[in-house]
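Open the model in your viewer and keep the selection panel at hand. This tour says what to select at each stop and what is there.

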Amino acid sequence: MKRRTVLQQIALFTGGLIIPLSSNSWVSKGLSKNPSQKKLIVVFLRGAIDGLNVVIPYQEDEYYHNRPNIAILPPNEPNGVLDLDGYFGLNPALKDLMPLWKKKQLTFIHGCGLENENRSHFEVQHYMENGTPGNLKNDEGWMNRLLGILSSKNPTQAVNIGSVTPEILRGSIPVANLPREKDNLQKLSTDIPIVNKLFNELYNGNDSLSLAYQEGQKARKIFIKEFEHEMVESSKNAPSTSNFVQEVKKMAKLMSGEANTQLGFIDLGQWDTHINQSAQLNRLLMPLGEGLATLALELGNLFNDTTIIVMSEFGRTVKENGNKGTDHGSGNLMWILGGNINGGKFYGQWNTLEKKALFEGRDIPITTDFRQPISNILSTNFDLSPQLINQVFPNFNSKNNLNFISV
Amino acid sequence: MTSLSSPKDIFHISNRLSFGMSEKDINKINKIGVNSYIKEQLNPKNIDINTFQTVKVSKYQKLNMNVAELFKNYNSQYILSQNGKKQSFSEEEKKQLNQKRRKFFTDTLEFKIDKSINNPRQLEEVMTDFWFNHFNVFTDKMRNLQQILITNYEQKAIQPHALGKFRDLLAATAQHPSMLYYLDNWQNVNPRSNKQKSKKGLNENYARELMELHTLGVDGGYTQNDVISLARILTGWGIMNVNTPQSDNGFYFNEKLHDYDDKSFLGHTIKGSGIEEVSQALDILAYHPATANHISYKLAQFFVSDTPPNTLIKKLAKTFVDSEGNIKIVLGKLFESEEFWDTKYYGNKFKTPYQYVISVLRMANISQPPTNMMIRQLRDLQMLPYNYISPDGYKNTKEVWLSPDAMIKRLNFATTVAQGKLNNNEQINSSELLKTFTNFFTPKTIQTVKNSDQKWQSALIFGSPEMMFK
């Protein structure tokens, strides 16, 4: 984190209008005359989602042998999978995604992950966010580096859902944070007009503190104005679907607004299903499916220029454990949604669930580095050169184009 | 210097040697003078802490357990083995154990905040925090274990040596399960010793950070071969489990997993002899001139300036070498140096969020703020103790912490405290604050405070620029 650069960036931004979406966030409006439409949204499922119960190889007996209590039944059975291609089926809790699959706007890449034998949530998340596997001390996120590259051509911004900037977006470029749905838009003590006025007097100079304060306050004011409407709305006690669905609606609103917002990030937790996973997964997948479908819908025409990645730190064991759950595994699915992808089919490598095909006899092997599909998106959708992609993911050699995007 | 110290000196000393000015400390300095205050803080054993310690003895008693006791009470493997035949927990039991550990960790945070505010041995607390970040560990890696071990790590491995010998600090952190888990050395074994379990082998993680972060520094002149040698020296250096011999501190050296070959390390030959090899390696590292430089730089940066003067670093490094890494002597040198007393460095250190929050509470004389609110505030300010993910620890420079967002959040905190929200809704009385602290604020701040409605005066004091710096 180099705050000096942040302040410089903010100084550059003051020509435009800065809209903060929480107290530590910055959204600049009207910066760009030619806003780029290309957008990337990353949804991170923290805790390691069980990909094998998201996309189910229902034709393989091994699947049912390994998971006597938690398997999802074949199509047409009660609560059975929704058939995708005659071999794999989708968890029925994700039924809202079926139209996207049919429109070829959804795909899954098999066997994605971080190519080492690490099964620690915190370390693998750290590496997937800093984009420099093996370098624990790098606390700059790859999406922030990407933001820097995109901004150098045309000022742009990133939005995060949550009050604390996640590691993936941390770095020298400021990022907008939209409050999570559950933390209603709270008034700060410093919003009280008289308090505000007094601190304005105290910090009216040109020193670094005063400048930081003034920027922060300016941002806060616009924020309150922009979201007054939302504050009233949320107090009406509208029948809420899930928080996630509401949050992605806000994100879509922001991304399709005047501000040139190209990057978005949101994370969802509780996927670490060691115990009684069926009920938990069901409860979590439904809003996820509904939210992703909503996001696609709300983006409207912009969805054609948007890629949404859904990723998680690693997969889970093929075999269920003694508690009707699953333990930490290796390869996992990466989900890709977008208006211009060649969806409706699978990418990556699938080697069946036979024991000899598994990593260490227990996990889906990692056959595609998580940076590979992302690099393909950066190259095809964002026109980044290999050199620039290397700035986003240092020391990563993009090996092949998976060709899941139509040019 | 006489006991009539100037407000500027008092501001400087009380802020740099503590978590922020308090009425008590100012009265004390006014009575005995800055020099005696420094001397007293450097010799914490002479400072009476009975009143502080007796406040919540029963509540914090469990936080004083040794590692063996902690394992018996909170480590699922140990609890199962005590239950004899039992193989696993029911879900209800698991849930209860998790809750018990979470409560333990919340109490750990409460205790940390409590001692930061209230311990009269302020310099010892400040240095404990400094060394904790120097030898950082992180709660969320192996959370079930770290949640219960971290306070032991801080209280047993760090605090007793915070003003002691660097070599002791190094040995204590090297043996502590918190560090062994965090930097993976418990899994560092001689690959040849362990053919049937192919997954385990040499793990360089701790060996590397021990040189790069804890001792020599990144430019300290070691090579990858030294990292490998040190990792080999550290093989078998691990943690007890239900099947190994037991010890109070949880440390266990498994000689079967140790690499007994001779090693070449930083130009020395270390004979393959087992546990003793680590002592030799730590001696080499602790007394190495690169370590003296590295630690001196960090101390000068922490106590004097984000970009510390070279003259001071040199002086401290020499003292560090001469005193064989005696931290108290090095700090004594620092506190009498002309650089430390150079007024151009006064009030130039931007407080970290943790320092800021604690300093407001100390000034407001709030000794027991509600723990949950504190955790929320500190998390929001991105500096919850024990929660920094990477081994280099929280930074303490302005570049890292000053941002528009941080300013708004700090002022919100200042106003919240002034309104009494951390104090049973009892507003903080500004006239008493002004009585004690007026001398330490600029005329501009005092003017703004006095011109405002009394209701908001305390908020302005806590949120003033003078409170952001130390």
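The stops below run from a strand in one chain, to the contact between chains, to the second chain. Keep in mind that this is a predicted model.

**Stop 1: a strand in chain A**

Select residues 332-338 of chain A, which form strand β12. Is this strand enclosed or open? Of its 7 residues, 7 are buried, so β12(A) is largely enclosed by the rest of the structure. Buried here means 20 or more other C-beta atoms within 10 Å of the residue's own.

Now add residues 106-113 of chain A, strand β7. β7(A) pairs with β12(A) in the antiparallel sense, over 5 bridges. Pick out A:Ile109: opposite, in β12(A), stands A:Met334.

Next add residues 306-312 of chain A, strand β11. How many bridges join β11(A) to β12(A)? There are 4, and this pairing is also antiparallel. Label A:Thr307 and look for its bridge partner in β12(A), which is A:Gly338.

**Stop 2: where chain A touches chain B**

Show both chains. Contacts link 35 residues of chain A with 34 residues of chain B. On the chain A side, select α1 (3-13), α4 (121-130), α6 (193-202) and α7 (208-235), each of which supplies at least two residues. Which of these elements gives the most? It is α7(A), with 9 residues. Colour the chain A side by class: 17 residues are nonpolar, 10 are polar and 8 are charged.

**Stop 3: the domains of chain B**

Hide chain A. Colour chain B by its domain assignment: domain 1 (1-42), domain 2 (45-162), domain 3 (183-286), domain 4 (289-345) and domain 5 (353-468).

Focus on domains 2 and 3 of chain B, whose C-alpha centres lie 26 Å apart. In the contact between them, domain 2 has 9 residues and domain 3 has 8. On the domain 2 side, select α6 (67-74) and α7 (76-82) of chain B, the elements that give two or more residues. By class, the domain 2 side has 5 nonpolar residues, 4 polar ones and no charged ones.

**Stop 4: a helix in chain B**

Select residues 205-214 of chain B, helix α13. Why call this helix largely enclosed? Because 8 of its 10 residues are buried. Among them are B:Tyr206, B:Arg208, B:Glu209, B:Met211 and B:His214.

What do the buried residues of α13(B) pack against? Add α9 (122-134), α11 (166-175), α14 (224-233) and α15 (276-286) of chain B to see these partners.

Note on methods: Residues are numbered from 1 along each chain as its sequence is written. Chains are lettered from A and ligands numbered from 1 in the order in which they are written. This is a predicted model: local features need pLDDT of at least 70, side-chain atom pairs count only at pLDDT 80 or more; totals for chains, interfaces and linings use all residues. A residue is buried if 20 or more other C-beta atoms lie within 10 Å of its own, exposed if 12 or fewer, and partly exposed in between; C-beta atoms are placed from the backbone. Two strands pair if DSSP finds at least two bridges between them. Domain bounds come from an automatic or database domain assignment. Two residues are in contact if their C-beta atoms, placed from the backbone, lie within 7 Å. Ala, Val, Leu, Ile, Met, Phe, Trp, Tyr, Cys and Pro count as nonpolar, Asp, Glu, Lys and Arg as charged, and the others, Gly among them, as polar.
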